[in-house]
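Student: I am new to this structure and would like a close look at one part of it, the sheet, together with what lies around it. Please go through it in one connected answer.

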Amino acid sequence: MIQKIQMLTIAVVLLFMGYNAQSQDALLWKISGNGLSEPSYLYGTIHIICEKDMVRLDQLEELVKATDQVVLEVDMDAPETAQKMQMGSLNPGMKNIKEELTEKQQDMLNKFLTEKFGANLDQMGIVKPWALSVMISTQGVIECADKTAYETQLLNFAKSNSKEVLGLETIDFQLNMFESMKREDQIKMLTDAVEKKVEYDELLRKLIKTYQNENIDEIHNMFLETSPEMLKYSDLLLYNRNSNWIAKIGEYMKEKSTLFAVGAGHLGGEKGVVALLKKAGYNVEAVKQSRTND
């Protein structure tokens, strides 16, 4: 009886969302078949975004209510996640990266960090280059007062509906992934984040528009075009993870109806999660935006 009620609820949600199996430009996908007793859903997120630029929040909230659990890249609800991320982002012994930079690079970073964060390399240089690069390319470039993340919204939806939040990876895995990148490549990504700010601003505006248009193949391509370093580490950052996730996604779906949410760059392309799920034998169908998001 409970399962029948849940299936009816999901049917109502799909009616609300305006389900459309013909649309292939989509951030939201329904997963069924291959032995699953009930469908699950896959959504492509963007990790930092202005609140005004977000799409599909109403649909995601309804799906959190209709499914049994939420699975993110990492279990952001685990108490140790934030602490491990903070400690893992700092250089061993709090060593400052200034000695790894030229005087010109130091001046450039000091000016940018002071302007955007109110602190220079003397304070922020203890952060590992990859982590500082991520901080600059998100918090320091996106210009709005209401920065947020889909993961934050999904956590709030899950908590308010008493749904469990789980992860496809551990925070230790992600930290080790970034650590495996060569130090000189990390430094290059860091300095490029500031030196090429104008280009990155334009790329970011294009990315947000592409995200709102839900073109997952183009989002995937844009990720690879961000820098030579991203292309160099595409297997590490994208494809190996996509492949590893498929079996874990299958395990979660067999146990419970699940809403999966991972970075949208993981969805598109021949090695993307959507294509790999289809290859694994699942029916993966696009779900269009509801009218409230049009």
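Student: To place the sheet in the whole, how many helices and strands are there in the chain?

Tutor: The model is a predicted one. Its chain holds 14 helices and eight strands. Of the 294 residues, 53% count as buried. Among contacts in the chain with a separation of 6 or more, 81% are between residues 24 or more positions apart.

Now the sheet. Six strands make up an open sheet with mixed pairing, and their order is β6-β4-β7-β2-β1-β8. The edges are taken by β6 (164-169) and β8 (283-287). Each of these two has a single partner strand, so one side of each is left without a neighbour in the sheet. On average, with direction ignored, neighbouring strands of this sheet are turned by 25° against each other.

Start at the β6 edge. Strand β4 (residues 69-74) runs parallel to β6, and five bridges join the two. One residue pair to look for is Val71 and its bridge partner in β6, Leu166. Although β6 stands at an edge, this strand is mostly covered, with five of its six residues buried.

Further along the order, strand β2 (residues 40-45) pairs with strand β7 (residues 258-263). Their pairing is in the parallel sense and extends over five bridges. Here Thr45 has Gly263 of β7 opposite it.

Next, the helices. Helix α11 (residues 216-225) has a link to the sheet, as its buried residues pack against β1 (28-32). They also pack against the helices α10 (197-213), α12 (228-232), α13 and α14 (273-279). The buried residues in question are Ile216, Ile219, His220, Met222 and Leu224.

One of those partners, α13, also meets another helix. Two packed helices are described by the angle between their axes and the distance between the axes. For helix α8 (residues 171-179) and helix α13 (residues 234-255), the axes come within 11 Å and cross at roughly 140°. The two helices are therefore oblique to each other. On the α8 side, the contact is made by Phe173, Gln174, Met177 and Phe178. On the α13 side, Leu236, Leu237 and Arg241 take part. Sorted by class, this contact has five nonpolar residues, one polar and one charged.

Another partner of α11 is α10, and Tyr200 is found in that helix. Tyr200 has a relative accessible area of 15%, under the 20% limit, and is therefore buried. Leaving out residues up to four places away in sequence, Tyr200 touches Asp192, Ala193, Thr226 and Ser227. The C-alpha atoms of Tyr200 and Ser137 are separated by 7.9 Å, although the two residues are 63 apart along the chain.

Last, a residue in a loop. Asn91 is found between α3 (79-88) and α4 (103-117). Its relative accessibility is 5%, so Asn91 counts as buried. A polar atom of the Asn91 side chain lies 2.8 Å from the backbone oxygen of Lys95. Apart from neighbours within four places in sequence, the residues in contact with Asn91 are Ile97, Gly125, Ile126, Val127, Lys128, Pro129 and Arg183.

Notes
Residues numbered from 1 in each chain as written. Predicted model: local features only at pLDDT ≥ 70, side-chain atom pairs only at ≥ 80, totals over all residues. Heavy atoms only, no water. Axes fitted to C-alpha atoms, helices over the stretch in contact; angles between N-to-C directions. Helix = DSSP H or I, 4+ residues; strand = E, 2+ residues; numbered from the N terminus. Parallel < 35°, antiparallel > 145°, perpendicular 65-115°, else oblique. Contact = heavy atoms within 4.5 Å. Nonpolar A, V, L, I, M, F, W, Y, C, P; charged D, E, K, R; others polar. Pairing = 2+ DSSP bridges. Buried < 20%, exposed > 50% of the residue type's maximum accessible area, 1.4 Å probe, protein only. Polar contact = N/O pair within 3.5 Å; in protein donor to acceptor, adjacent residues only side chain to side chain.
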